[in-house]
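Colleague: I'm new to this one, so could you walk me through it and show me how you reach each label?

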Number of protein chains: 2
Amino acid sequence: MKSSYARALPKAWKGLSKVFTALGDERRQRILLLFEPGEKLNAGQIVAACPLSQSTVSHHLKILREAGVLRSEKAGKEVFFWIDKPRLSEALESVAQYLHEKT
Amino acid sequence: MKSSYARALPKAWKGLSKVFTALGDERRQRILLLFEPGEKLNAGQIVAACPLSQSTVSHHLKILREAGVLRSEKAGKEVFFWIDKPRLSEALESVAQYLHEKT
DNA sequence: AAAACATATCGATAAACTTATATATGTCGA
DNA sequence: TCGACATATATAAGTTTATCGATATGTTTT
């Protein structure tokens, strides 16, 4: 038994933790499922597709962005979002790796 | 843009959703990190390693079990838990797959 | 059968999260 | 510059989740 992590996560897991928390909400999952391959969507498009208020969607987008799941870029008065595929792949991969090696 | 999932998750994602929610809590992540490769731990061992009360740990173990991340087995008066590696691998794999194909 | 033990559940409180309205910030066009 | 627009943030209510102490359930031991 590895009791070393019982009180604090290893540093490498800190970021992962945020990713899973971000993914662990159904509304955020539904937002992610909106994206077509390689597509960028602006906040307005996402708001229009969601049964949630503009500010609520903005809040969820922030969580996804801060977790590194989405990236964003301002273009004029709009902000475009897209899935950070490499980042997300890497996160999943690192857990899969951990599972494989240490479990 | 795939607006079809804006209001309800596809059925295949329902279970995944639970897995990510379960993994999206730092205390639960720390519990998972306790396990050595192939190891089974009983609830008492886990409680002893966590800075949480017995009832709180029991609650988290239930969430992890219901998400399919942990499996459990009663042995006399003890209950042993272990990581459901195939289940977790499959969950991660299916998201990785989705990412790869649909993103 | 009773006592000791391991785990689960209940009930209550506290903390965290989600949500919406209202407002602020920043950008474009007239 | 002023007004319309797109997004973000502040605030506050409502809801969910985490937490603990106490108790219940089930198991072994004496």
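Colleague: In chain A, what share of the contacts with a separation of 6 or more comes from residues 24 or more positions apart?

Modeller: That share is 53%. Bear in mind that this is a predicted model. A contact here needs heavy atoms within 4.5 Å.

Colleague: What is chain A built from?

Modeller: Chain A has 5 helices and 3 strands, and along the sequence they run α-α-β-α-α-β-β-α. Its C-alpha atoms fill a box of roughly 50 × 25 × 20 Å along the principal axes. Of its 103 residues, 44% are buried.

Colleague: Why is Gln29(A) called buried?

Modeller: The cut-off for buried is under 20% relative accessible area. Gln29(A) has 2% relative accessibility, so it counts as buried. This residue lies in helix H2 of chain A.

Colleague: What does Gln29(A) touch, leaving out residues up to four places away in sequence?

Modeller: Gln29(A) touches Leu23(A) and Gly24(A), along with Leu9(B), Ser17(B) and Phe20(B) from chain B.

Colleague: And what makes the pair Gln29(A) and Leu23(A) a polar contact?

Modeller: A polar atom in the side chain of Gln29(A) is 2.5 Å from the backbone oxygen of Leu23(A). The limit for such a pair is 3.5 Å, so this one qualifies.

Colleague: Let's turn to the DNA. Which residues come nearest to DNA strand D?

Modeller: There are 24 residues around DNA strand D, and the nearest are Gly44(A), Ser55(A), Ser55(B), Thr56(B) and His60(B). Of the strand D atoms that come within 4 Å of the protein, 63% belong to sugar and phosphate.

Colleague: How do you know that His60(B) makes a polar contact with DNA strand D?

Modeller: A polar side-chain atom of His60(B) lies 2.4 Å from a phosphate oxygen of strand D. With the cut-off at 3.5 Å, the pair therefore counts. Arg28(B) has a side-chain N or O atom 3.0 Å from a phosphate oxygen of strand D. For Lys77(A), a backbone N or O atom is 3.5 Å from a sugar or linking oxygen of that strand.

Colleague: Which element gives the most to the surface near DNA strand D?

Modeller: That's H4(B), with 5 residues. Other elements that supply at least two residues each include helix H3 (43-49) and strand E3 (78-83) of chain A, and helix H2 (26-33) of chain B.

Colleague: Which residues come nearest to DNA strand C?

Modeller: Out of 24 residues around DNA strand C, Arg27(A), Ser55(A), His60(A), Gly44(B) and Gln54(B) come nearest. Sugar or phosphate makes up 63% of the strand C atoms within 4 Å of the protein, and bases make up the rest.

Colleague: What makes Gly44(B) a polar partner of DNA strand C?

Modeller: A polar backbone atom of Gly44(B) is 2.7 Å from a phosphate oxygen of strand C. Set against the 3.5 Å limit, that makes it a polar contact. Val79(B) offers a backbone N or O atom 3.4 Å from a phosphate oxygen of strand C. Arg27(A) has a polar side-chain atom 3.0 Å from a phosphate oxygen of that strand.

Colleague: Where does the largest share of the surface near DNA strand C come from?

Modeller: From H4(A), which supplies 5 residues. Among the elements giving at least two each are helix H2 (26-32) of chain A and strand E3 (78-83) of chain B.

Terms used: Residues are numbered from 1 along each chain as its sequence is written. Chains are lettered from A and ligands numbered from 1 in the order in which they are written. This is a predicted model: local features need pLDDT of at least 70, side-chain atom pairs count only at pLDDT 80 or more; totals for chains, interfaces and linings use all residues. Side-chain values use heavy atoms; hydrogens and water are left out. Helices (H or I, at least four residues) and strands (E, at least two) are DSSP runs, numbered from the N terminus. Buried means under 20% relative accessible area, exposed over 50%, partly exposed in between (1.4 Å probe, protein chains only). A residue is near a molecule or strand if one of its heavy atoms lies within 4 Å of it. A polar contact is a pair of N or O atoms within 3.5 Å; within protein, one must be able to donate a hydrogen and the other to accept it, and residues adjacent in sequence count only if both atoms are side-chain atoms.
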